[in-house]
Each structure stands twice: as C-alpha cells, then as structure tokens.
Amino acid sequence: MLMTSLKTRVQAINPAIWIFTPTLENYRSVFQKRDLLLYIKNSAIVVVTTTAISIFLGTLAAYGFARFHFSRKEDIAFWILSLRMLPPMAVVIPFFLLGRFLGLLDTHILLAIVYLSFNIPFTIWMMRGFIEEIPQEIEEAALIDGCSRLRVLTKIVFPLTLPGIAATAIFCVIQSWNEFALAFFLTSFNARTVPTTVTFFLSVMGIIWGEMAAVGVVASIPVLAFAFVVQKYLVRGLTFGAIKS
Amino acid sequence: MRKRKKREAYAFVLPSLATLVAIVIFPTIFLWYVSLTNYDLSMGWEQKSFVGLRNYFFLFLEDKDFWYSLRITLFFAAVTVGLEFVLGLGVALLFHRHIWGKRVWMSCLILPMVITPTIISLIWKLMLNTEYGVLNFILSQFGLGKINWLGPKEAFWSLILVDVWEWTPFIALILYAGLQALPQEPYEAAVVDGANPRQIFFYLTLPLLKPMILIALLLRSIDALKMFDVVYGLTQGGPGNATELMSLHIYRLGFRHTNWIGRASANAVILLFLSTLLTTVLLRTLRRERLGGA
C-alpha cells in the first residue's frame, strides 16, 4: 500500500515495478481534491468528544462497580458489557430515523453520542479491572483520615490508574476512528469521517489506485502509532478486560 | 451507613447507566416498533401504517435472499472462526516456544487487527484485482493462470481469506496470553508420569486453555455475525448477492435499492436476536471465569 501510494498512475497498475522514483503526487491530490483534511478533522472531533465523555462517565461507573456492593450489580455490569456486542447494522436504522427527526444527521455530535454506545461499556469494563488492582486499603485509610470521596478519587484513584486510563482512552480512540457502518449512514459531508472515504474508490477503481493507497496510509498512521503504545494491554483490550495478561 | 453507601454507589453508576438506556434501549424499542410498520424512506413519517408481523412474514416466506444471507452468514462465521482457531492456535504454540525475533513478529500480528477495516478492504481490493493485482502477478510468475478473485463464485472465499488474514492474530494473541498464564506444576507431573507431547497437548494444554478458547471463539463469532465494513469495501455484497451477509441484506432492503425501512428493521431485529443469543453464551462463560478467579 505504501508503495502504491508513492507511484504514479501508470506505475501503480503494474505490480512488477518494485523500484521506482517515489512521488508525492497522490498525497497532494487527496488533500487538495478530495478534502481529506476535512474528513480527518471530522474524525478527530468525533473521536475526541466521544472518548472524553466515555472516559469521564465510564471511569466513575467503573469505580462504582469496583468499590461498592449493590443489588444485582453483576447483572447490570454484564448487561452493560453485552451492549458492546451490538451489531451496528441492527441499531443504525433507529439512529438514522431519530437523527432525521431531530435534524441531527450529518453532525459530529450525533456520531459522538452514538459511539458512546460501545465506548462507555468498554471503558467501564477496562477501568473496573484497573481500579480493582489498586489495594482498597489506601482509599480506606484516606477516608478514615477524613478525606472526602471526591478527594479520594482525584488524589488517589485517578493518579494510580492513570496508565490504565490512558490505555483505555487509546482503545476508545482506535475503535471510534475505525468505525465505518454507523458513520456511513449517519453522515454525508459535513461530519463525514475518514473510513467512509472508501466509498470514493468503489466504482472508478483503475485510474486512482495511487490516491486510494495514499488515503489508506494517512488513515492508518495514527491508529498504528496508538496501537504500539498500548501493545502491552492489547489482549486485555481485545477481551474488554476479561483476560488480564 | 449501609444505605448511604448504596446511594453513593448509584451516584457513580447512574450517569453511565442512564446514558446507555437513552442511547441503546430507547432506539432498540423504536426499532421493534418500526419493524411492525410499512414505513419506507420515500413516504412521510405520518403516512406509514401498522402492519403487524407482515414484514417478518415477508422475510420468512417470500424473500429468498434473506434465507440466502442467513445461510452464508452462518457459514461464513463457521468457516472463518474454524480456520482462525486452527491457525491461531498454531501461531500461539509457536510463540510459546522461544522463537527468534518474537517481539517483531508480535508487532506484525497487531497490524491487521488495528488498521481501519475499510482500508483493509481497499488494500485487498488492490491485491485481488484480476488484471493488475499482486496475487495474480505472483501466480503468473509460477506460470499459473489468473484467478478472478472477486468473481461470483470466488468472492465469498476471498472474503474468508481476508477475514482469516485480519483476525487470526486476534485468536493467536489471546491463546498465547492463555498459554503464558498456564500453571507449571501439571506439566512437571505429566512429564514425571511419562506422558508424551501429544498426550500433554490433548489432555493437559487444551483442557486448561478451554475457557480462553471459548471466549476467543465466541468473540469472533459475534464479530462475524456483525460483519459489514470489510464486505462493503470489498464487494458491497456482490457480485449479484454472492457475498450479501445479513448486515448487507439489511442495507440493501433499507437504504440501497428499495428504502423499505420497515422490512429492513424486521431483518435487523432478527440479526439482533442472533447476536444476543451468542452474546448470552459469551457472557455466561465470562461470568464463570470471573467467579472462578481468572
């Protein structure tokens, strides 16, 4: 892909060419003619919003699940986890219709809210695991010393789980950045995200392979960079904190 | 004191819970409702009428493509998950030994899983192209004929190929983590008792690994059921409806040609039902693991 993106039109359709003078023409073209920068900006807005809300709400809930006992706690926790598995095509129709009624189609905020449906469950389960790993005694000691719950959260829990929060946030970013089905139906131009640009390349293939590959490279760089940061937590992330390795 | 503590717990949990109910439960109920109407995108919302279960009857009795999509979705899930399991287990066992350059291999494994799925479908579309793709180019170097990878008969198997490429690492990483966490004592005992490597693998490693295997396979099956993005990028369900998995059938019913939102909703409810079934099994397994102290 990287190679194709650096080739000219004629070279791109010939797989036998392995050595050639690289050109940045395709990159210039996707940014200038295809508004790639706009889509990157859209993706970034949606991803940052949804991740920030998820981490805030999800971490609070995770703390609730990790430190308190209440009736049917596990039932609720597992019900939340089940939401993470919803097929996007099963929920996109009501989101689409409701978005239309509310006049929210093709807005960043709609997509960011919809993405909460998988990011919040994920955050709760990941963070619950991380919080349960800190010994409860530290918090109890602080509470006895007259610390308020809020202070315990900001001064003890938050700093101690910071690596966990960072890893969880990165996973949310990757998931949201890569999401296609929901973005495809709920946006058209203003809030269009990077993965949906694939639709530009579905029909008029042959001529623009180079551009296609350039989009691919640009879209992949951020997620790859992030993925290597969280490599250590990967198995944990893939299984929603169920398997800690 | 206890009461107060309980109230405090709800203060932490409720904001998330309320959000999820609002953005998932409410739309799901709405979906059920729409699935009982004849709404389609070309009419005004007020013009729709209640049609009972007629959309479901349509799918079950008249829509041959629905049955086809159900069949290939299940078949797709079974084949991909089966292949990914065998290959993934192989890779995990290989990693479990001390092989050269493990860290580099590990990093390579992560790539297919985290690259944007639609981008993956583009990469494969380039490689699978009949005239100019790398795959046929390599075949021709060996004097073999060209394969029409995305043709009517071949497209479904190409899809399986891509999915196996993308997700085998997932199974491999989970099982590898599982292998690393296995206790040492049973192995020492087995060796003392004179068990051969085959016996050790089948009577010790596999049973000990069973919960991990179950979790990995269930997660993959659910994902296979949900599959939309890669198929859309690669074939859009075509040629014809050769690769029209259930998600793509919903898309065709509801958005692409016919705008029959009511019927598409009915199909979505069925998909939701299938995935809920698998999810329930998965959650039971996870729950047992959690209580078992894993």
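Helix H7 of chain B is largely enclosed by the rest of the structure, because 19 of its 26 residues are buried. The model is predicted. This helix covers residues 155-180 of chain B. From first C-alpha to last, H7(B) reaches 38 Å, close to the 38 Å expected at 1.5 Å a residue. H7(B) is nonetheless kinked. The kink, of about 35 degrees, lies at B:Trp167. The proline B:Pro169 comes shortly after that point.

B:Leu175 belongs to the largest nonpolar core, which has 152 residues. B:Leu175 is among the residues with the most contacts inside this core, together with A:Leu111, A:Leu186, B:Ile174 and B:Ala268. Both chains are thus named in that list. Helix H7 of chain A, residues 108-132, gives the most to the core, with 16 residues. With residues up to four places away in sequence left out, B:Leu175 touches B:Gly88, B:Leu89 and B:Ala92. B:Leu175 also touches B:Leu209, B:Met212, B:Ile213 and B:Ala216.

Chain B as a whole is built from helices. It has twelve helices and zero strands. Its C-alpha trace spans about 80 × 75 × 30 Å along the principal axes. Chain B has 294 residues, and 40% of them count as buried. Of its contacts with a separation of 6 or more, 71% are between residues 24 or more positions apart.

Chain A has 13 helices and zero strands. Buried residues make up 53% of its 245 residues. Among contacts in chain A between residues at least 6 apart in sequence, 81% join residues at least 24 apart. Helix H12 of chain A runs over residues 209-229. Its 21 residues should span 30 Å at 1.5 Å a residue, and the end C-alpha atoms are 31 Å apart, so the two values agree. H12(A) bends by about 30 degrees at A:Ser220. A proline, A:Pro222, follows within four residues of the bend.

The two chains meet in a contact that takes 66 residues from chain B and 65 residues from chain A. On the side of chain B that touches chain A, helix H1 of chain B (residues 2-35) gives the most, with 17 residues. By class, this side of chain B has 43 nonpolar, 16 polar and seven charged residues.

B:Val24 gives a local view of the contact between the chains. This residue is found in helix H1 of chain B. B:Val24 is buried, because 23 other C-beta atoms lie within 10 Å and the cut-off for burial is 20 or more. Its partners include A:Leu83 and A:Ser117, leaving aside residues up to four places away in sequence. B:Asn38 is 14 residues from B:Val24 along the chain. The C-alpha atoms of B:Val24 and B:Asn38 are separated by 23 Å.

Confidence values complete the description. The model scores ipTM 0.87 and pTM 0.88. For chain B, the mean pLDDT is 86, and 97% of the residues reach 70 or more. Among the elements of chain B, helix H3 (residues 64-96) has the highest mean pLDDT, at 92. Helix H6 of chain B (residues 134-141) has the lowest, at 80. Where pLDDT is low, the predicted coordinates should not be read in detail.

Notes. Residues are numbered from 1 along each chain as its sequence is written. Chains are lettered from A and ligands numbered from 1 in the order in which they are written. This is a predicted model: local features need pLDDT of at least 70, side-chain atom pairs count only at pLDDT 80 or more; totals for chains, interfaces and linings use all residues. Two residues are in contact if their C-beta atoms, placed from the backbone, lie within 7 Å. Helices (H or I, at least four residues) and strands (E, at least two) are DSSP runs, numbered from the N terminus. Ala, Val, Leu, Ile, Met, Phe, Trp, Tyr, Cys and Pro count as nonpolar, Asp, Glu, Lys and Arg as charged, and the others, Gly among them, as polar. A residue is buried if 20 or more other C-beta atoms lie within 10 Å of its own, exposed if 12 or fewer, and partly exposed in between; C-beta atoms are placed from the backbone. The expected span of a helix is 1.5 Å times one less than its number of residues. The bend at a residue is the angle between axes fitted to the seven residues ending there and the seven starting there. pLDDT is the predictor's confidence in each residue, from 0 to 100. A nonpolar core is a set of buried Ala, Val, Leu, Ile, Met, Phe, Trp, Tyr and Cys residues joined through C-beta atoms within 7 Å.
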